[in-house]
Amino acid sequence: MCATNCSCKSLKSIVLPEHLYIIKSAAFEECNALTDIVSLNPEPPYPVGNNHFPNWNATVHVPAGSKAAYQAIDMWQYFNIVEDVTSIRQPSFVPSEGKVYDLHGRLVNDNYQGIVIKNGKTVLRTR
């Protein structure tokens, strides 16, 4: 996670782990390019403080059946929430050796930054 004064201004996507329960103030404050947030936790991580995310236009991908729980928490209700994490955790495609895919299973080029799937593993690509 980003903290104040970190260098994640070009980070486009992030995966929040299943056992993340709290997001502290300014955790992603510098992440202006963040457009996709994948939360593996069916219970929404609770915001402590403020200024967690700079981009309220981001899409939050959550586990099936948990959209209402996310919308009930003040911070999360401002995002576009989509219940599709099952397809991300269990991709419906078979990755080719050496190829790199985004979290939706789309082939991406060498310049793509963010969370990707390479050789069947989830990897964070940065410059």
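Among contacts in the chain between residues at least 6 apart in sequence, 39% link residues at least 24 apart. This figure, like every value reported here, is computed from a predicted model.

The chain has 127 residues, of which buried residues make up 41%. Its exposed area is about 7,400 Å², with 48% of that area supplied by carbon and sulfur atoms. The chain-level values are collected below.

| Property of the chain | Value |
|---|---|
| Contacts joining residues at least 24 apart, among those between residues at least 6 apart in sequence | 39% |
| Buried residues among the 127 residues | 41% |
| Share of the exposed area from carbon and sulfur atoms | 48% |

The secondary structure consists of two helices and nine strands. Along the sequence these elements follow the pattern β-β-β-β-β-α-β-α-β-β-β.

An open sheet is formed by four strands in the order S1-S3-S5-S6, and their pairing is parallel. Strand S1 (13-16) and strand S6 (80-83) occupy the edges; each has a single partner strand, so one side of each is left without a neighbour in the sheet. From one strand to the next, the twist averages 20 degrees.

In general, strands of a sheet pair through backbone hydrogen bonds, in either a parallel or an antiparallel arrangement. Within this sheet, strand S5 (residues 59-62) runs parallel to S6 and is joined to S6 by four bridges. At the residue level, His-61 has Val-82 in S6 as its bridge partner.

Notes: Residues are numbered from 1 along each chain as its sequence is written. This is a predicted model: local features need pLDDT of at least 70, side-chain atom pairs count only at pLDDT 80 or more; totals for chains, interfaces and linings use all residues. Side-chain values use heavy atoms; hydrogens and water are left out. Two strands pair if DSSP finds at least two bridges between them. Axes are lines fitted to C-alpha atoms, for helices over the stretch in contact, and angles run from 0 to 180 degrees between N-to-C directions. Buried means under 20% relative accessible area, exposed over 50%, partly exposed in between (1.4 Å probe, protein chains only). Contact means heavy atoms within 4.5 Å. Accessible areas come from the Shrake-Rupley method with a 1.4 Å probe; for residues, only the protein chains shown count as cover.
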